[in-house]
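Open the model in your viewer and get ready to click along. We will stop at one group of residues after another and look at what is there.

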Amino acid sequence: MPLAIRRYAQHFTAEEQSDSGFAWPPGGPEVWGEKCCGLACLRMILDHYGLHVPSQRQLLREGLELGAYTSNGWIHQGLVEIAGLHGLSGAAAPYTSTAQLQSLAEAGIPSIVSCTFRFPEDGSKGGHLVVFCGETVKGGGRYATFADPSRWGAHHTELPAERFWASWTGRAVSLWPQDWPASRIADDVGPDIASLLRISLRSEAIPVGET
């Protein structure tokens, strides 16, 4: 069964936009609402693990202070660092197979994947972030389930797996609670994926960098 992930929207509500106590970066809430897919995904994963979910404004402030955002979007390792402020460990890593992310989902670990908005099948790669919840088989076909923080994502939660993965860059951010023993993760995902995440039985996870 795919993971049940509660969707959080990346766009700021009218109440959030009118908060005079928050110093919006240049462009204001309308511009930044288009850029906060990664932060909304992080909020989904915090919620999934039952951890405190801070406001998106707080995460935006922390992310900018950490230098986690560039003109090309959110630095994946930067998202890991923001997550670390809120009780999560993780890794930003290149994957060689969609089956690796499926194994993580089956172990209860969702991943933020880099894909293209609305999942076109035109050769586009990346530019948007969603939470991958796992694959399922229906009517003889494989479907990928996901939580997409965009407005389009409010009405779309699954697609044929082939279409979903067509715009994937091969990069993902996988996150889990800091109090999970390394042995638990290694046992659940196997040695190959644990090595990819740089998890060993001798230490806690050490995130792998990505820009």
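Start by selecting helix α3 (residues 37-48) and helix α5 (residues 76-84), which pack with their axes 11 Å apart and at an angle of about 40°. That angle makes α3 oblique to α5, because it falls neither under 35 degrees nor in the range from 65 to 115. Keep in mind as you look that this is a predicted model.

Now turn the view to see how the two helices pass: α3 crosses α5 in a right-handed way. Which residues make the contact? On the α3 side, show Gly38, Leu39 and Leu42; on the α5 side, show Leu79, Ile82 and Ala83. Sorted by class, this contact of α3 with α5 has five nonpolar residues, one polar residue and no charged ones.

Keep α3 on screen and add helix α4 (residues 56-65). The axes of α3 and α4 come within 10 Å and cross at roughly 120°. Are these two helices parallel or oblique to each other? They are oblique, because 120° lies between the perpendicular range, which ends at 115, and the antiparallel one, which begins over 145. The crossing of α3 and α4 is right-handed.

Next, show the side chains where α3 and α4 meet. From α3, pick Leu39, Ala40, Leu42 and Arg43; from α4, pick Gln56, Leu59 and Leu60. By class, the contact of α3 with α4 has five nonpolar, one polar and one charged residues. Leu39 and Leu42 may look familiar: they are also among the α3 residues in the contact with α5.

Stay with α4 and select Arg57, then Asp19. These two form a salt bridge, and their closest N and O atoms are 2.5 Å apart. Asp19 sits in the loop between α1 (14-17) and α2 (28-33), while Arg57 is in α4, so the pair ties together parts that are 38 residues apart in sequence. In total, the structure holds five salt bridges.

Now switch to a cartoon view and find the strands. Six of them form an open sheet, with antiparallel pairing, in the order β3-β8-β4-β5-β6-β7. At the edges you will find β3 (88-94) and β7 (158-160), each of which pairs on one side only. From one strand to the next, the twist averages 35°.

Zoom in on the β7 edge. Strand β6 (residues 141-147) runs antiparallel to β7, and three bridges join them. Select Tyr143 and look across: Pro160 in β7 stands opposite.

For the last stop, select helix α6 (residues 98-106), which packs on the sheet. Helix α6 touches β4 (111-115), β5 (128-138) and β8 (171-177), and its direction makes about 80° with that of β5.

Notes
Residues numbered from 1 in each chain as written. Predicted model: local features only at pLDDT ≥ 70, side-chain atom pairs only at ≥ 80, totals over all residues. Heavy atoms only, no water. Pairing = 2+ DSSP bridges. Helix = DSSP H or I, 4+ residues; strand = E, 2+ residues; numbered from the N terminus. Axes fitted to C-alpha atoms, helices over the stretch in contact; angles between N-to-C directions. Contact = heavy atoms within 4.5 Å. Left-handed = near helix turned anticlockwise from the far one by under 90°. Nonpolar A, V, L, I, M, F, W, Y, C, P; charged D, E, K, R; others polar. Salt bridge = Lys/Arg side-chain N within 4 Å of Asp/Glu carboxyl O.
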